[in-house]
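Q: I'm new to this structure and would like a close look at just one part of it. Please pick a sheet and show me how it is put together and what sits around it.

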Amino acid sequence: MTSLVELRGVSRVYPATRPVTALHPTDLTVRAGEWVAITGRSGSGKSTLLQILGLLDRPTSGSYLLDGADVSGLSDRARTKLRSSRIGFVFQSFHLMAHRSALENVTVALLYHGCPRRQRIARAAEALDRVGLADRTGAMPTTMSGGERQRVAVARALSIHPQLLLADEPTGNLDSATAEEVLSLFVRLNDEGQTVLMVTHDEQVAARAGRRVEITDGTLHEVTADA
Ligand code: ADP
Ligand code: MG
């Protein structure tokens, strides 16, 4: 079976007077349906790795195979197009448009995805229903709780039926009860077959993932269950 994600010797160096090696050459294989938690201290390279996986950034060296196709050499334009069709991204701070309804926030992702206008509203409503917000489609983010806002962001990510759902500290801005609500949503999505890669520094969150990798100063290693 083909791996969904395969990194071969992927590194990322941020150029500067003193260049920063945020990610040393890294190998990582993720199969469809896995849920991988990425843990590590602040500044260890977690977001850098996730941004490469999410086609928001490109490796300095090495190759990235997504669903068997090498995407490391794509132009910015091709990468953006691929991202909007394959990748769902959830951020710590939600990144919603404050003055647009929940439904409109989701339809925008479908617009970039190339979904015909007639279908956008139905698909956005379906995604909001999946995250338990069927009765909040007209609500503005400013009137929603943190947990609801994050669920809108998850609905936006899911609306395109992404191959890969990526989340960078999705519970980092939530209190523990609300974090649990968002976490149980990820559990359900993964049970339904969604591949998830999630950055977290929360042990409880990491413990729910099927697999865990840790980054220390830009170097990745697999964490086994009893370690
Ligand atoms: P984490 O998400 O684990 O906190 P990051 O991936 O954000 O870590 O950062 C890893 C390292 O790369 C840090 O030393 C950080 O300061 C540096 N870094 C991140 N983004 C940039 C950037 N755009 N330019 C220069 N250095 C960066
Ligand atoms: Mg980070």
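A: Let's start with a quick overview, then go through one sheet and its surroundings.

A word on conventions: residues are numbered from 1 along each chain as its sequence is written, while chains are lettered from A and ligands numbered from 1 in the order in which they are written. What you see is a predicted model, where local features need pLDDT of at least 70, side-chain atom pairs count only at pLDDT 80 or more, and totals for chains, interfaces and linings use all residues, while side-chain values use heavy atoms and leave out hydrogens and water.

The protein has 7 helices and 10 strands (DSSP runs numbered from the N terminus: H or I of at least four residues for helices, E of at least two for strands). Its radius of gyration is 17 Å, close to the 17 Å of the globule rule for 227 residues, so the protein is as compact as a globular protein of that length. (That radius is taken over C-alpha atoms, and the rule is 2.2 Å times the number of residues to the power 0.38.) Along the principal axes, the C-alpha atoms fill a box of roughly 45 × 40 × 40 Å.

Now for the sheet. Four strands make an open sheet in the order S2-S1-S4-S5, with antiparallel pairing. The edges belong to S2 (20-30) and S5 (69-70), each with a single partner strand, so one side of each is left without a neighbour in the sheet. (Two strands pair if DSSP finds at least two bridges between them.)

Look at the join between S1 and S4. S1 covers residues 5-14, runs antiparallel to S4 and is linked to S4 by 5 bridges. Leu7 gives you a handy marker here, with Tyr64 as its bridge partner in S4.

On to S4 and S5. S4 spans residues 61-66 and pairs with S5 in the antiparallel sense over 2 bridges. Leu66 stands opposite Ala69, and Leu65 stands opposite Asp70. The two strands form a hairpin with 2 residues between them. Asp67 lies in the loop between S4 and S5, and has a positive phi of about 55 degrees even though Asp67 is not a glycine. At 39% relative accessibility, Asp67 counts as partly exposed. (Buried means under 20% relative accessible area, exposed over 50%, and partly exposed in between, with a 1.4 Å probe and protein chains only.)

Next, follow the chain just before S4. Helix H1 (residues 46-53) is mostly covered, with 6 of its 8 residues buried. The buried ones are Lys46, Thr48, Leu49, Leu50, Ile52 and Leu53. Just after H1 comes Leu55, which takes a positive phi of about 60 degrees. Leu55 belongs to the loop between H1 and S4. With a relative accessible area of 1%, Leu55 is buried, whereas Asp67 in the hairpin is partly exposed.

What packs against S4? The buried residues of helix H2 do, and they also pack against strand S6 (87-91) and helix H3 (102-113). H2 spans residues 76-86, and its buried residues are Arg79, Leu82 and Ser84. Arg86, in turn, is among the residues touched by Pro162, along with Ile87, Gly88, Ala157 and Gln194, leaving aside residues up to four places away in sequence. (Contact means heavy atoms within 4.5 Å.) Pro162 sits in the loop between helix H5 (146-158) and strand S7 (164-168), and at 6% relative accessibility counts as buried. From Pro162 to Gly9, 153 residues away along the chain, the C-alpha separation is 25 Å.

For contrast, turn to another set of strands. S3 (residues 35-39) and S9 (residues 211-216) pair in the parallel sense over 4 bridges, with Ala37 bridged to Arg212. S9 also pairs with S10 (residues 219-223), this time antiparallel over 5 bridges. S9 and S10 make a hairpin with 2 residues between them, and Asp217 in that turn has a positive phi of about 45 degrees.

Finally, step back to the whole protein. Residues 24 or more positions apart account for 70% of the contacts with a separation of 6 or more, and 49% of the 227 residues count as buried.
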